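This report describes the protein shown below. It begins with the nonpolar interior and then turns to overall composition, model confidence and a single loop residue.

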Amino acid sequence: MQKEETLHTPLRSAVLKRPALAAALASLAIGIPAMASDNTSTPAQPAQPTGEPVFLAQDTNGTVNGTVDNGYDPNVLRLGVIPYPQGLFELQGSNDDFSASMRLGAMGQFRGYLGYFEPFGGGDEEFNNAFEVSRLQVYGNGELGARNIRYHVQGNFADGDFMLQDAWGVWRANENWGIRAGQFKNPLTREGLVWSGHQLATERSLIQGFLNEGRVQGVSFMHSPGDRMRTEFAIHDGFSSENTSFLGSDTHIGISGRFEMLMRGLWRDYTDFTAADTDEDLLAFGVAAGMSWEKSDDRTGLLTADLQYENTNGVGAFGAIYVNQLWLDGEDFFNVGATVQVSFMTGDNFEPFVRLSLVQFDDEILVDEDTFFELSPGFNWYLLEGRHRHRLKLTTDLNFLPNGSPFDVSQLGYQATDEFEVVLRSQIQLAL
């Protein structure tokens, strides 16, 4: 089983113009950071199983379907089954002075691979096949004190070990302001923030694998100036600084900020990339920027913008652009990338999609090819309906890489090569 969102193995220095650059890249965001996963979460940090937007201090959209009253008024204890993606069970308690809730959930993804590629410089063709439990997440979240305080804890079983992914708390000062502290997803890329269970394909795109920014430890400030705008600004230990001690991180400090505007539609339809069950036509825009400083003079920056559209006829589209700049050993390196994906519902449970992703590295980084493409047609087959679709679904995609991949990207199933590569992935997802 792979460590979720640990998207890579060490860089292949054979394809680098300067081998020393491999270690430098690996220590920065462009070096495919070890993101203890997903996915990306989702309205308050769009990547979390709670389905929350970036402004995490908002109320959730989950309700309790069944309750049990303990008979002591006004002291109340409630236990019930709740709608996805809030989890499976919720426990609520309250009295005159205090209220609290706790929701528990889990999500597992079992995946099969079949891959073909040619090694660097040609050579014998290779076929690979494997099965794996790509993710097995467990999480708990809830509120304290009339929903003024929210918490979320999430972990993932990987390589036989349990790894902490999220551990944060949010205090909502009022309807417009909130403060979060702990370990959480870096509030930058939309695709990275959307929870793994809400992705369109089995995995995030090639560019996301190369340029993602990982989880961070720090403090963020959230502001919602209106019902259709929200923003988050974070001060943290640097990109991909999760699960590190004060002296254990290679980075010194980082900042990140993301702004989102809902131009049309509802926030709850913005929690995933499928247009299934979209209540109103959706159009949402996001822009984000971040910088991470090393303990030396090295640093990395990331700028991104994205647009998402869905309509009530089951058509969805998403596009994002990325600009990544590195300052290493007194030199600048400039990398760019983009992703576009489109999906449409055919019938009640079947959703074909296609995704195109590309990344262009600075020509001073790689020896020969510096532009890489990923074409990924596929489909989702939902075994449940309505808001429960993501609880049980089958996802299959066929990924073509005409120029291969310069690095191993283990979570995506890609191997390092400068030749043609194709990977078939099929995955069953169960979320409770």
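## Nonpolar cores

In this predicted model, the largest nonpolar core comprises 27 residues, and the members that touch the most others are Leu-206, Phe-210, Val-359, Phe-361, Phe-372 and Tyr-414. Three elements, α3 (206-211), β13 and β15 (350-360), each give two or more residues to this core. Strand β13 provides the largest share, namely five residues.

The surroundings of Val-359 can be listed in full. Leaving aside residues up to four places away in sequence, Val-359 touches Ile-207, Phe-210, Val-336, Gly-337, Asp-370, Thr-371 and Phe-372. A second core, separate from the one above, has six residues; among them are Trp-168, Val-216, Met-222 and Ala-234.

## Composition and surface

The protein contains three helices and 18 strands. Its chain has 432 residues, of which 54% count as buried. The accessible surface amounts to about 16,700 Å², and carbon and sulfur atoms account for 61% of that area.

## Confidence of the prediction

The mean pLDDT of the protein is 80, with 76% of the residues scoring at least 70. Among the elements, strand β17 (residues 392-401) has the highest mean pLDDT, 97, whereas helix α1 (residues 20-26) has the lowest, 49.

Two stretches deserve separate mention. Residues 6-14 have a pLDDT below 50, and this stretch makes 35 contacts in the model beyond near neighbours in sequence. Residues 26-37 also have a pLDDT below 50, with 66 contacts in the model beyond near neighbours in sequence. Where pLDDT is low, the predicted coordinates should not be read in detail.

## Asn-311 in its loop

Asn-311 lies in the loop that joins β12 (299-310) to β13 (315-328). Strand β13 is also the element with the largest share of the largest nonpolar core. Is Asn-311 buried or exposed? Its relative accessible area is 10%, and Asn-311 is therefore classed as buried, the cut-off being under 20%.

The contacts of Asn-311 involve both its own loop and residues further away in sequence. Its side chain reaches the backbone nitrogen of Asn-313 at 2.9 Å. When residues up to four places away in sequence are not counted, Asn-311 touches Ala-275, Thr-278 and Asp-281.

Notes:
Residues numbered from 1 in each chain as written. Heavy atoms only, no water. Helix = DSSP H or I, 4+ residues; strand = E, 2+ residues; numbered from the N terminus. Buried < 20%, exposed > 50% of the residue type's maximum accessible area, 1.4 Å probe, protein only. Polar contact = N/O pair within 3.5 Å; in protein donor to acceptor, adjacent residues only side chain to side chain. Contact = heavy atoms within 4.5 Å. pLDDT = per-residue confidence, 0-100. Areas by Shrake-Rupley, 256 points an atom, 1.4 Å probe, with all protein chains shown as cover. Core = buried A, V, L, I, M, F, W, Y, C linked by side-chain atoms within 4.5 Å.
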